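Q: Could you take a close look at one part of this structure with me? I'd enjoy a connected walk through it, with its surroundings brought in along the way.

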Amino acid sequence: MSKERARRREVREAQQAAERAARQRRVARRERRRALVRRLTPRVRLGRSGRLPRHTRGERAGIVLLTGVALAGIWSFVDDLALRLALVVLLLLVLPAIVVIALDRRS
């Protein structure tokens, strides 16, 4: 009787080992496939990355609009071409400082 139980246990353990090996092969194949898909799909970064997208769309539109108004004012009210160019260059050099002072959120 015990020899028959031992034989059945061996058969059962062999069957379980075969099922375990098949499951491990399936899991390994699935992991390889997932790794391949992960490697081939481009990574999309959502949200802010770095310091460039710091202002909202409305703030950026306001910056561009006010700069355009200032440039139009310079070109319409100043007669001398050299002074116009100097004021435009000065505006473009000072614009980042104005934006930081006006729109900085650290306070």
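A: Let's start with Val89, which is partly exposed in this predicted model, because its relative accessible area is 47%, between the 20% limit for buried and the 50% limit for exposed. Val89 is found in helix H3, which covers residues 81–103. On the surface, Val89 belongs to a nonpolar patch together with Leu90, Leu93, Val94 and Ile98. The accessible area of these five side-chain neighbours adds up to about 450 Å².

Helix H3 also has a partner to consider. The buried residues of H2 pack against H3, and they are Ile63, Thr67 and Ile74. Seen down the axis of H2, these buried residues fall within an arc of 25 degrees, so they line one face of the helix. The other side of H2 carries exposed residues, namely Arg57, Gly58, Leu65, Val69 and Phe77. As for its length, H2 has 21 residues (57–77), and at 1.5 Å a residue they should span 30 Å. The end C-alpha atoms of H2 are indeed 30 Å apart, in agreement with that expectation.

Stepping back, the protein has three helices and zero strands, and along the sequence it reads α-α-α. Of its 107 residues, 8% count as buried. The accessible surface comes to about 9,800 Å², with 61% of it belonging to carbon and sulfur atoms.

That leaves helix H1, where charge pairing comes in. Side chains of opposite charge can pair when their charged atoms come close. The count of salt bridges here is two. In one of them, Arg8 pairs with Glu4, and the closest N and O atoms are 3.4 Å apart, which is within the 4 Å cut-off. Arg8 and Glu4 are four residues apart in H1 (residues 2–40), so about one helical turn separates them. Arg8 is partly exposed at 41% relative accessibility, and Glu4 is partly exposed at 41% as well.

Glu31 forms a salt bridge with Arg34, with 3.7 Å between the closest N and O atoms. Both residues lie in H1, three residues apart, or about one turn of the helix. Glu31 counts as partly exposed at 38% relative accessibility, and Arg34 counts as partly exposed at 45%.

To return to where we began, Val89 sits in H3 as a partly exposed member of the nonpolar surface patch, while the buried residues of H2 pack against that helix.

Methods: Residues numbered from 1 in each chain as written. Predicted model: local features only at pLDDT ≥ 70, side-chain atom pairs only at ≥ 80, totals over all residues. Heavy atoms only, no water. Patch = residues over 30% accessible without salt bridge, like charges linked within 9 Å, V, L, I, M, F, W, Y side chains within 5 Å. Areas by Shrake-Rupley, 256 points an atom, 1.4 Å probe, with all protein chains shown as cover. Helix = DSSP H or I, 4+ residues; strand = E, 2+ residues; numbered from the N terminus. Buried < 20%, exposed > 50% of the residue type's maximum accessible area, 1.4 Å probe, protein only. Expected span 1.5 Å × (residues − 1). Arc of directions from axis to C-beta. Contact = heavy atoms within 4.5 Å.
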